[in-house]
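This briefing walks through one protein chain, moving from a single residue to a pair of helices and then to the chain as a whole. Please keep the sequence and the structure in view while reading.

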Amino acid sequence: MFERLIESTVFYSRWLLAPMFVGLALGLVLLLVSFISEFVHFFSTDGMFHSKATALFILELIDLTLIGSLVAMVAIAGYENFVSKIDFRDDLERPEWMGKVDFAGLKLKVISALVAISSIELLKAVSYTHLTLPTSDLV
């Protein structure tokens with residue numbers, strides 16, 4: 001009887017993760033606000049007339065999009081793997097990967113996304129350095 005109580009408690013404790021996945025979904029709203037803020041900032045300056053500034057702006061948008069995709073994937077796959085299956089009506093659009101990404105696959109996707117995000121951050125840092133420093137200082 002006591003063993004059954006412990007097992008039930010451990011099993012149903014997975015629902016404690018649900019608010020965390022809701023928090024990730026709300027984090028997507030913050031990323032959207034940041035994405036829109038980047039647009040407003042870029043178009044309120046003369047950056048769009050400079051190719052390097054435009055390239056940095058586009059890299060920032062790609063970066064935010066990749067981070068948003070990563071958050072959405074972790075929230076959806078994590079919820080389905082650890083909390084409960086997401087029930088959809090048949091007429092709703094469901095991404096093909098949903099329900100098929102296990103924990104190992106999710107880890108690989110997260111690692112791949114982190115490598116891509118890190119690469120973009122490195123490219124932005126190098127581009128920003130070239131944009132702000134005179135050429136003679138880079139040698």
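Leaving aside residues up to four places away in sequence, Asp-63 touches Ile-117, Ile-120, Glu-121 and Lys-124. The model described here is a predicted one, and the points below begin with Asp-63 and the helix that holds it.

**Asp-63 and its surroundings**

- Asp-63 is part of helix α3, and its relative accessible area is 2%, so it counts as buried, a label that applies under 20%.
- The residues that Asp-63 touches include two isoleucines, Ile-117 and Ile-120, together with Glu-121 and Lys-124.

**Helix α2**

- Helix α2 runs over residues 18–43, which gives it 26 residues, and the span from its first C-alpha to its last is 38 Å, close to the 38 Å that is expected at 1.5 Å a residue.
- The buried residues of α2 are Ala-18, Phe-21, Leu-31 and Phe-42, and these buried residues pack against α3, the helix that covers residues 51–82.
- Ile-36 also belongs to helix α2, but its relative accessibility is 45%, and because partly exposed covers the range between 20% and 50%, Ile-36 is placed in that class.
- Although Ile-36 and Leu-61 are 25 residues apart along the chain, their C-alpha atoms are separated by 9.5 Å.

**How α2 and α3 pack**

- Two packed helices are described by the angle between their axes and by the distance between those axes.
- For α2 and α3 the packing angle is about 170°, and the axes lie 9 Å apart.
- Since angles over 145 degrees count as roughly antiparallel, α2 is therefore roughly antiparallel to α3.
- The residues of the contact of α2 with α3 divide into 19 nonpolar, five polar and two charged.
- The crossing of α2 and α3 is left-handed.

**The chain as a whole**

- The chain contains four helices and zero strands, and when it is read along the sequence it follows the pattern α-α-α-α.
- Of the 139 residues in the chain, buried residues make up 20%, and Asp-63 is one of the buried residues.
- Among the contacts in the chain with a separation of 6 or more, 65% are accounted for by residues that lie 24 or more positions apart.

Notes. Residues are numbered from 1 along each chain as its sequence is written. This is a predicted model: local features need pLDDT of at least 70, side-chain atom pairs count only at pLDDT 80 or more; totals for chains, interfaces and linings use all residues. Side-chain values use heavy atoms; hydrogens and water are left out. Helices (H or I, at least four residues) and strands (E, at least two) are DSSP runs, numbered from the N terminus. The expected span of a helix is 1.5 Å times one less than its number of residues. Buried means under 20% relative accessible area, exposed over 50%, partly exposed in between (1.4 Å probe, protein chains only). Contact means heavy atoms within 4.5 Å. Axes are lines fitted to C-alpha atoms, for helices over the stretch in contact, and angles run from 0 to 180 degrees between N-to-C directions. Angles under 35 degrees count as roughly parallel, over 145 as roughly antiparallel, 65 to 115 as roughly perpendicular and the rest as oblique. A crossing is left-handed if the near helix is turned anticlockwise from the far one by less than a right angle, and right-handed if clockwise. Ala, Val, Leu, Ile, Met, Phe, Trp, Tyr, Cys and Pro count as nonpolar, Asp, Glu, Lys and Arg as charged, and the others, Gly among them, as polar.
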